Amino acid sequence: MQPALARTPALASCSGKPITDFPVLEPREIREDYGAWNSLGLDHETLAVLADRAEQGHPTGRISAGWSTGSGGGARGLFLASAAERADYIGQSLARLLPARALLQRQRLALHLRAGNALYSDVGSNRFAFEHFPLAAPLEETMAGLARFDTTILIAPPHRLLDFARSGLRLPSLQHLFWGSEPMSECERDCIERAFALRPRAIYQATEGFLAAECRHGNLHLNEHAIEFEFVPVPGTAGFRLIVSDLRRLSQPIIRLRLDDYVELEDGTCPCGYGGRIIRPPQGRVQDLWRFADRTVTPPQVIEAVEAVLGCDHDWQAFADGRSVTLRTRSNAPSHLAEKAVERLQDLARVKTAHRPDFGGHDGPKRRKVVWRDD
């Protein structure tokens with residue numbers, strides 16, 4: 001990687017040094033000027049135009065660029081990949097997500113994402129047909145399109161899979177079902193599995209790389225053959241923040257970038273034989289840990305407490321601010337169940353004050369179920 005690092009303005013001074021000499025970065029530092037964070041000599045404005053054109057369906061030549069979904073705060077990351085890196089990404093994805101027999105059959109892969117891009121569909125094989133279904137499209141239109149496409153592989157965020165399950169969508173040819181982009185609880189997985197007779201498997205991916213994939217045994221393995229992971233303990237919890245260094249990405253080097261996700265490790269090994277460490281699917285961000293004077297409550301704890309009462313049939317969002325907790329629920333949620341869920345949150349957080357206003361829906365392109373508001 002050293003020649004590419006030497007050509008990357010922001011990293012050139014560290015080229016040739018041990019990885020521990022590289023600074024630990026936050027994503028916002030890269031997003032301020034993408035021109036400083038690529039080895040191709042492209043400036044920020046050029047890259048932004050390439051990403052915009054790609055999302056409008058225009059070919060961008062040998063370089064693929066695009067925007068991430070972004071968070072509730074509206075920040076979007078820009079990813080960049082050469083033709084060789086696109087091929088490497090597709091190869092890793094197919095190898096990690098599908099059994100060998102699936103690669104020898106004709107597949108119709110539906111990508112239900114914010115925007116399409118050649119990064120996801122540039123397989124170069126007549127066995128794979130791709131169709132992009134934008135998240136902004138109405139639910140009924142998307143369901144009809146998925147049925148017409150006769151989807152065999154579906155990748156979508158959890159909130160849309162839940163919409164499909166609750167609306168009775170039937171996809172008789174569906175063989176493989178994946179989710180990513182935002183948290184999904186075990187309760188929600190059970191609901192979706194009942195609807196499609198397939199258990200959805202997790203893909204952990206960010207602008208910063210293809211981080212982990214769930215195997216057929218239901219374990220989410222880090223892709224440690226391609227990415228170096230550093231684990232930073234989160235005080236007051238059993239979890240970690242990840243610092244990632246992508247060992248195969250040259251056009252846009254990612255070295256020691258600290259992610260926001262709150263991650264917990266699983267113990268033991270996996271029958272599938274893959275060597276990557278096992279993590280639990282991330283259920284929230286480090287910024288959304290509930291930090292009270294005498295304890296820290298993690299997003300997985302909040303989700304487990306609420307959904308033990310509400311199940312996966314009712315949408316909700318939980319807030320805390322150090323003095324009180326708030327559980328917002330849809331107006332159709334049974335009042336006695338919502339009140340019981342509020343009581344569980346009070347017990348978990350050890351606070352007396354609680355609120356239960358109506359829930360009007362999530363802000364931003366990604367669902368965020370657990371939120372910390374620090375005044």
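This passage looks at salt bridges in a predicted model. Scanning the whole structure turns up 26 of them, and three pairs are picked out here, along with a network.

Start with a pair inside one helix. Arginine 189 and glutamate 186 make a salt bridge through their side chains, with an N to O distance of 3.6 Å. Both sit in helix α9 (residues 186-196), and since they are 3 residues apart, about one helical turn lies between them. Their surroundings differ in accessibility: arginine 189 is buried, at 3% relative accessibility, whereas glutamate 186 is partly exposed, at 45% relative accessible area.

Helix α9 also takes part in a pairing across the chain. Here glutamate 188 bridges to arginine 367, with 2.8 Å between the closest N and O atoms. Glutamate 188 belongs to helix α9, while arginine 367 lies in the loop between β18 (353-355) and β19 (370-372), so this pair ties together distant parts of the chain, 179 residues apart. Glutamate 188 is buried, with a relative accessibility of 4%, and arginine 367 is buried too, at 8%.

The third pair is glutamate 266 with arginine 280, whose closest N and O atoms are 3.3 Å apart. Loops supply both partners: glutamate 266 comes from the one between β12 (257-258) and β13 (278-279), arginine 280 from the one between β13 and β14 (290-291), a separation of 14 residues. Glutamate 266 is partly exposed at 34% relative accessibility, and arginine 280 is likewise partly exposed at 37%.

Finally, the network: shared salt-bridge partners connect Glu186, Arg189, Asp190, Glu193, Arg199 and Glu214.

Conventions: Residues are numbered from 1 along each chain as its sequence is written. This is a predicted model: local features need pLDDT of at least 70, side-chain atom pairs count only at pLDDT 80 or more; totals for chains, interfaces and linings use all residues. Side-chain values use heavy atoms; hydrogens and water are left out. A salt bridge is a side-chain nitrogen of Lys or Arg within 4 Å of a carboxyl oxygen of Asp or Glu. Helices (H or I, at least four residues) and strands (E, at least two) are DSSP runs, numbered from the N terminus. Buried means under 20% relative accessible area, exposed over 50%, partly exposed in between (1.4 Å probe, protein chains only).
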